[in-house]
Amino acid sequence: MRLNIVCIPGDGIGPEIVAEAKKVLDKAAFVYGHEMNYKDVLMGGASIDAYGVPLTEETIAAAKAADAVLMGSIGGDTTTSPWYKLAPNLRPEAGLLGIRKALNLFANLRPAVLYEELSDACPLKKEISDAGFDMMIMRELTGGLYFGERYTTEEGGIRKAVDTLSYNEEEIRRIAIKGFDIAMKRRKKVTSVDKANVLDSSRLWRKVVDEVSADYPDVTLEHMLVDNCAMQLVKDPAQFDVILTENMFGDILSDEASMVTGSIGMLASASLNDSKFGLYEPSHGSAPDIAGKGIANPIATVLSAAMMLRYSFDLDKEADAIENAVKNVLKKGYRTIDIMTEGCRQVGCKEMGDLLADEIK
């Protein structure tokens, strides 16, 4: 199979970790008989430096012409970078919001997995971390509060800001279908998270999710209020399989889930549209403080590449090979600095990429 992939190295450590993900993808392609065709484009701060805007029409066109997009990290130091002296719509993160909208990437998948080899890094009690967990957070990505009408005004000499949270039933239905489809490939349980005791948008969310659930009799559905879910994630994360939720709740809960794994440097993500097209990126940021030092952890980006093979190309064997390579390298005691523990061997970004590629045979 020929895989046409647009790569957005991005900012900070982005170019370093994307290079290692390509290395691992190339090895998987060699072993399993595929052809990789990459096209690198700019977005975020790198695009601002080159073109004055965080996202160009050329980048959007290249992404739409590809089978999938693999991205590093976007943004820089918000206190020192000149990018953050620009208007909000010209800052690096505006490019990310823009490409999600342009590509109709409404479904965000954020796996949170506690690897047995990294259980000591988990900040939760030992009896909780010993049980392990493997969940998928399915976050609606192009609606809700982040995309609703917003304005700031002054009334009677008092400043007032308004942000609008709205969803229609079709926006809810399409993300719910994605959530149940993913659950069918996993442990067949969906936890739909809302604030239906307060918000009209959440009451509609709950009603539509119930309607979709009727088409998936093999999947167990439970509803959970977002404040309770936040508590349950640190009390008993093993109970969750697929967490289905709206944009802002998913933004917060996915970051919480990522941190109880012990390292955000291990966590992948995917953003999908109605087809098999997706944008794949690590969950962590651009880490400008360590950019160029060769110490970044590429595993999250490598695992994002594995998700790309699985969800955009249906190459499950190849995705399994990459995921097993990560497990094997960890079992052999190799660690980047962010996950380093006593008795293990510390390696840099490029060496970790080499180790992962070597495990694919």
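The lining of the largest cavity in this predicted model comprises six nonpolar, two polar and two charged residues. Its members are Leu165, Tyr167, Val193, Asp194, Leu199, Ser201, Ser202, Trp205, Glu246 and Phe249. Two elements, strand E8 (189-194) and helix H7 (200-213), each give two or more residues to this lining. Of the contributing elements, H7 gives the most, with three residues. The space enclosed by the largest cavity is about 60 Å³.

In total, the structure holds two cavities of 30 Å³ or more. The second largest cavity has a volume of about 30 Å³. Leu3, Leu25, Ala28, Ala29, His34, Met36, Leu309 and Glu318 form its lining. By class, these residues divide into six nonpolar, one polar and one charged. Helix H1, which spans residues 14-32, gives the most to the lining of the second largest cavity, with three residues.

The table sets out the two cavities by volume, lining class and main contributing element.

| Cavity | Volume | Lining by class | Element giving the most |
|---|---|---|---|
| Largest cavity | about 60 Å³ | six nonpolar, two polar, two charged residues | H7, three residues |
| Second largest cavity | about 30 Å³ | six nonpolar, one polar, one charged residues | H1, three residues |

In both linings the nonpolar class has six members. The charged class has two residues in the largest cavity and one residue in the second largest cavity.

Methods:
Residues numbered from 1 in each chain as written. Predicted model: local features only at pLDDT ≥ 70, side-chain atom pairs only at ≥ 80, totals over all residues. Heavy atoms only, no water. 1 Å grid on protein atoms, 1.4 Å probe; cavity = no way out; pocket = protein on both sides within 12 Å on 5 of 7 lines; lining within 4 Å. Points joined across faces, edges and corners; volume = space filled by probe spheres on them. Helix = DSSP H or I, 4+ residues; strand = E, 2+ residues; numbered from the N terminus. Nonpolar A, V, L, I, M, F, W, Y, C, P; charged D, E, K, R; others polar.
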